[in-house]
Amino acid sequence: MPKQNRLLTDLNAATMTQTDASYGMIEDAAIALEGGQIVWIGSDASIPAQYQSFEKTSLDGKLVTPGLIDCHTHIVHGGDRAVEFEMRLNGASYEEVARAGGGIVSTVTATRNASEAELTDEALRRVDVLISEGVTTLEIKSGYGLDIETELRMLRVARSIANHRPVQVVTSFLGAHATPAEYKDRDDVYIDEVCIPALRAAHAEGLVDAVDGFCEGIAFQPDQIARVFEVAKELGLPVKLHAEQLSNLGGAKLAARYGALSADHIEYLDEDGVKALSDAGTVAVILPGAFYTLRETQAPPIDLLRKHGVPMALATDINPGSSPLNSLLLTLNMGCTLFRMTPEEALRGVTVQAARALGLTDQGTLAAGQKADLAVWDVKHPAELAYRIGFNPLHTRIFGDLT
């Protein structure tokens, strides 16, 4: 039931705000919620008089964080690629699988053949798992249609998720994900005849929040992505980019030049690219699921990102091929164990920095004026969220006025 005025008491708050305290911690805290917003947060002993009449809920010393944000997913798709997983285990590289007609293109056939209802039902199964781990916002990309009709279908499904579940969805148009079989060796023609017209149609239908692309040897070159970004700029849409995952084509510099919200993957990013992201204020989205699944050895330059003050987000990258990872909590652990991120960096990566990677200013921290999207955990210390493997300590999730 909606509860307009609520006062949460007897809790420890990891606010994730920039304070001198680790995690922005407030011990023995209270949070006042009204109309789906946080209206006050502070010490339990100093609750202002105007909130004393709110309906009180004691959390018995539990930890409260902002609701988690999965800022990079491909959660709407048809089929799976378990057979390709087996191929890679038998020695084939991701690039070899892709060049043999597998990879992204193999998912295109399954997605094109799936109805809107089928895509929705399958996506909701994955979304439910994320919600059960405290996720309140997720980004969903297109990019497995690679024709106008299916790209629009994917985005309609993505938009509809928020009508089926209490979660916020941010959509990204990813028409520049791969070249479909019918346009083999005609990448530029595909960009002109399919990708850009699909983007314009999706924007006209109100289906797009941002524009993404895959800048890689097996996908598109920087100049091809730039043509898509020019249309995004014309339409007033922010951009983001899959960059430097398998090689360094200068995608991150391109993203920075367009003031991108984020550059994602970035395993092969060099220091010049890091500086470009820093200067542009672009978030680096770290995706350990793909690194793990593909058994890569080139880790993203975490130390350089720290050195140059580039904000780091974390996300599942959930997709049927390179990252069949359906747990943001496991992603926290992987960011720490695989890339030596600290637990605080990891938690910031799925809260305040993930919000920044999506251009969201009303969530990601616990502060007055922020959305009342909260996760309540049965843990004593925030580091436990990244520490445990295969364990979900979520007590409850608050999404606006809904518990």
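Is Glu-84 buried or exposed? This predicted model gives a clear reply, and the close-up views below start from there.

**View 1. Glu-84 and its surroundings in helix H1.** Glu-84 is part of helix H1, which spans residues 82-89. The residue is buried, because its relative accessible area is 9% and the cut-off for burial is under 20%. Beyond the neighbours within four places in sequence, look for its contacts with Val-97, Gly-102, Gly-103 and Ser-106. If you would like a distance to check in your viewer, try Glu-84 to Ala-232: these residues are 148 apart along the chain, and their C-alpha atoms are separated by 33 Å.

**View 2. The largest nonpolar core and one of its members, Leu-138.** The largest nonpolar core holds 95 residues, and Val-76, Leu-138, Val-211, Ile-286, Leu-305 and Trp-377 have the most contacts inside it. Helix H6, residues 187-204, supplies eight residues, the largest share of this core. Zooming in on Leu-138, and setting aside residues up to four places away in sequence, you will find that it touches Asp-70, Thr-73, Ile-75, Val-127, Leu-130, Val-167, Gln-168, Val-169 and Val-170. There is also a second core, separate from this one, with 15 residues, among them Ala-13, Ile-41, Leu-366 and Val-376.

**View 3. Helix H6 beside helix H7.** Helix H7 covers residues 222-235, and its axis and that of H6 come within 10 Å, crossing at roughly 20 degrees. H6 is therefore roughly parallel to H7, as angles under 35 degrees are classed that way. The crossing of the two helices is right-handed. On the H6 side, the contact is made by Asp-187, Asp-188, Ile-191, Asp-192, Cys-195, Ile-196, Leu-199, Arg-200 and His-203. H7 answers with Gln-224, Arg-227, Val-228, Val-231, Ala-232, Glu-234 and Leu-235. Sorted by class, this contact has eight nonpolar, two polar and six charged residues.

**View 4. Helix H5 against helix H6.** Here H6 appears again, now with helix H5, residues 148-164; the two axes come within 9 Å and cross at roughly 40 degrees. The pair is therefore oblique. As for handedness, the crossing of H5 and H6 is right-handed. H5 takes part through Ile-148, Leu-152 and Leu-155, while H6 contributes Glu-193, Val-194, Pro-197, Ala-198, Ala-201 and Ala-202. The contact of H5 with H6 comprises eight nonpolar residues, no polar ones and one charged residue.

**View 5. Lys-233 on helix H7.** Lys-233 sits in helix H7. How accessible is it? Lys-233 counts as exposed, because its relative accessibility is 59% and the threshold is over 50%. For another distance to try, take Lys-233 and Val-211: they are 22 residues apart along the chain, with 9.5 Å between their C-alpha atoms.

**View 6. Lys-62 in strand S4.** Strand S4 runs over residues 55-66 and includes Lys-62. This lysine is buried, with a relative accessible area of 14%. Leaving out residues up to four places away in sequence, Lys-62 touches Asp-10, Leu-11, Asn-12, Val-376, Trp-377, Asp-378 and His-395. Two of these names should look familiar: Trp-377 was listed for the largest core, and Val-376 for the second one.

**View 7. Ala-114 in the loop between helices H3 and H4.** Ala-114 lies in the loop that joins helix H3 (104-112) to helix H4 (116-132). With 11% relative accessibility, the residue counts as buried. Apart from neighbours within four places in sequence, Ala-114 is in contact with Leu-119 and Arg-153. Between Ala-114 and Gly-175, 61 residues apart in sequence, the C-alpha to C-alpha distance is 18 Å.

**View 8. Positive phi at Asp-317 and Arg-340.** Why look at these backbone angles? Most residues other than glycine have a negative phi. Asp-317 has a positive phi, near 60 degrees, and its place is in the loop between strand S12 (312-314) and helix H12 (328-339). Arg-340 likewise is not a glycine and has a positive phi, of about 65 degrees; this arginine lies in the loop between H12 and helix H13 (343-349). Asp-317 is buried, at 1% relative accessible area, whereas Arg-340 counts as exposed, at 60% relative accessibility.

Terms used:
Residues are numbered from 1 along each chain as its sequence is written. This is a predicted model: local features need pLDDT of at least 70, side-chain atom pairs count only at pLDDT 80 or more; totals for chains, interfaces and linings use all residues. Side-chain values use heavy atoms; hydrogens and water are left out. A nonpolar core is a set of buried Ala, Val, Leu, Ile, Met, Phe, Trp, Tyr and Cys residues joined through side-chain atoms within 4.5 Å. Buried means under 20% relative accessible area, exposed over 50%, partly exposed in between (1.4 Å probe, protein chains only). Helices (H or I, at least four residues) and strands (E, at least two) are DSSP runs, numbered from the N terminus. Contact means heavy atoms within 4.5 Å. Axes are lines fitted to C-alpha atoms, for helices over the stretch in contact, and angles run from 0 to 180 degrees between N-to-C directions. Angles under 35 degrees count as roughly parallel, over 145 as roughly antiparallel, 65 to 115 as roughly perpendicular and the rest as oblique. A crossing is left-handed if the near helix is turned anticlockwise from the far one by less than a right angle, and right-handed if clockwise. Ala, Val, Leu, Ile, Met, Phe, Trp, Tyr, Cys and Pro count as nonpolar, Asp, Glu, Lys and Arg as charged, and the others, Gly among them, as polar.
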